[in-house]
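Trainee: I would like to examine one part of this model closely, together with the side-chain contacts that connect it to the rest of the chain. Could you take me through it in a single connected account?

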Amino acid sequence: MICLQLFLSFLQIGLFSFGGGYAAMPLIQNQIVDLHGWLTMSEFTDLITISQMTPGPIAVNSATFVGIKIAGFPGALAATAGCILPSCILVILLAKLYLKYRNMKTLQDVLGFLRPAVVAMIASAGVAVLVSAFWGEAEKILLSDTNWELVIIFFLCLFLLIKIKMSPVAVMLLAGVLKAGTALLGR
């Protein structure tokens with residue numbers, strides 16, 4: 001029964017996560033944290049981090065991770081299949097339609113209207129992860145509850161990515177080393 005629940009939950013994510021992995025994060029959070037309680041918000045943040053570090057789309061990696069955690073290997077198969085099935089079907093249908101109608105102005109207008117919604121979904125997911133990282137599971141966002149160590153690492157990483165144009169892989173490794181180093185110094 002749990003495999004069917006995993007399949008149906010990730011089928012919904014796969015059906016409605018237009019705009020890629022970041023746009024899917026609010027949907028994934030809603031299903032696995034809010035509706036089913038399979039993960040806490042802290043575990044969800046860790047899930048996003050792990051999904052970023054492993055090859056493949058965030059939604060598929062998330063489905064596999066949650067499936068394994070909840071129901072082992074069968075759960076991973078069910079969740080992953082639910083997540084990718086709509087995409088496989090939609091991509092085949094959309095590719096045929098797009099090739100046939102790609103020069104039609106109405107289609108270009110519709111695609112133009114979808115862009116702001118996708119940006120809003122990505123921003124929403126980013127803010128949720130940021131709040132969880134800086135303030136954890138706190139009920140309210142208070143300056144006194146801020147994890148300043150993570151704030152400093154965040155802005156350092158942002159600087160390295162934007163100004164120095166450092167490789168994202170190198171920035172992730174550096175952030176991990178910095179966090180591990182501060183954890184060791186704190187003990």
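Mentor: The account below begins with one helix and its buried face, then turns to aromatic rings and finally to salt bridges.

The model is predicted, so local features are reported only at pLDDT of at least 70 and side-chain atom pairs only at pLDDT 80 or more, whereas totals for chains, interfaces and linings use all residues. Residues are numbered from 1 along each chain as its sequence is written, and side-chain values use heavy atoms, with hydrogens and water left out.

The part in question is helix α6, residues 148-162. Helices here are DSSP runs of H or I with at least four residues, strands are E runs of at least two, and both are numbered from the N terminus. The 15 residues of α6 should span 21 Å at 1.5 Å a residue, and its end C-alpha atoms are indeed 21 Å apart, which agrees. The expected span is 1.5 Å times one less than the number of residues.

Within α6, the buried residues are Val151, Ile153, Cys157 and Leu160. Buried means under 20% relative accessible area, exposed means over 50%, and partly exposed lies in between, with a 1.4 Å probe and protein chains only. The buried residues of α6 pack against α5 and α7, where contact means heavy atoms within 4.5 Å.

Aromatic rings also join α6 to α5. The structure holds three aromatic pairs; rings of Phe, Tyr and Trp (its six-membered ring) pair if their centres lie within 6.5 Å, with planes under 30 degrees apart counted as stacked, over 60 as edge-to-face and the rest as tilted. One of them is the edge-to-face pair of Phe134 and Phe154, at 5.6 Å centre to centre and 80° between the planes. Phe134 belongs to α5 and Phe154 to α6, so this pair ties together parts that are 20 residues apart in sequence. Phe134 is buried at a relative accessible area of 8%, whereas Phe154 is partly exposed at 31%. Phe154 also pairs edge-to-face with Phe155, with centres 5.0 Å apart and planes at 75°. Phe155 counts as partly exposed, at 49% relative accessibility. Taken together, ring pairs link Phe134, Trp135, Phe154 and Phe155 into a cluster.

Towards α7, the link to consider is a charged one. A salt bridge is a side-chain nitrogen of Lys or Arg within 4 Å of a carboxyl oxygen of Asp or Glu. Lys179 forms one with Glu149, their closest N and O atoms being 2.5 Å apart. Since Lys179 lies in α7 (residues 168-186) and Glu149 in α6, the pair ties together parts that are 30 residues apart in sequence. Both partners are partly exposed: Lys179 has a relative accessible area of 34%, and Glu149 one of 28%.

For context, a search of the whole structure finds three salt bridges. Another of them joins Asp109 and Lys105 at 3.1 Å, N to O. Asp109 and Lys105 both lie in α5 (residues 105-135), four residues apart, or about one turn of the helix. Asp109 is partly exposed at 32%, while Lys105 is exposed at 59%. Glu43 and Lys69 also meet in a salt bridge, at 3.9 Å from N to O. Glu43 is in α3 (residues 41-53) and Lys69 in α4 (residues 58-101), so parts 26 residues apart in sequence are tied together by the pair.
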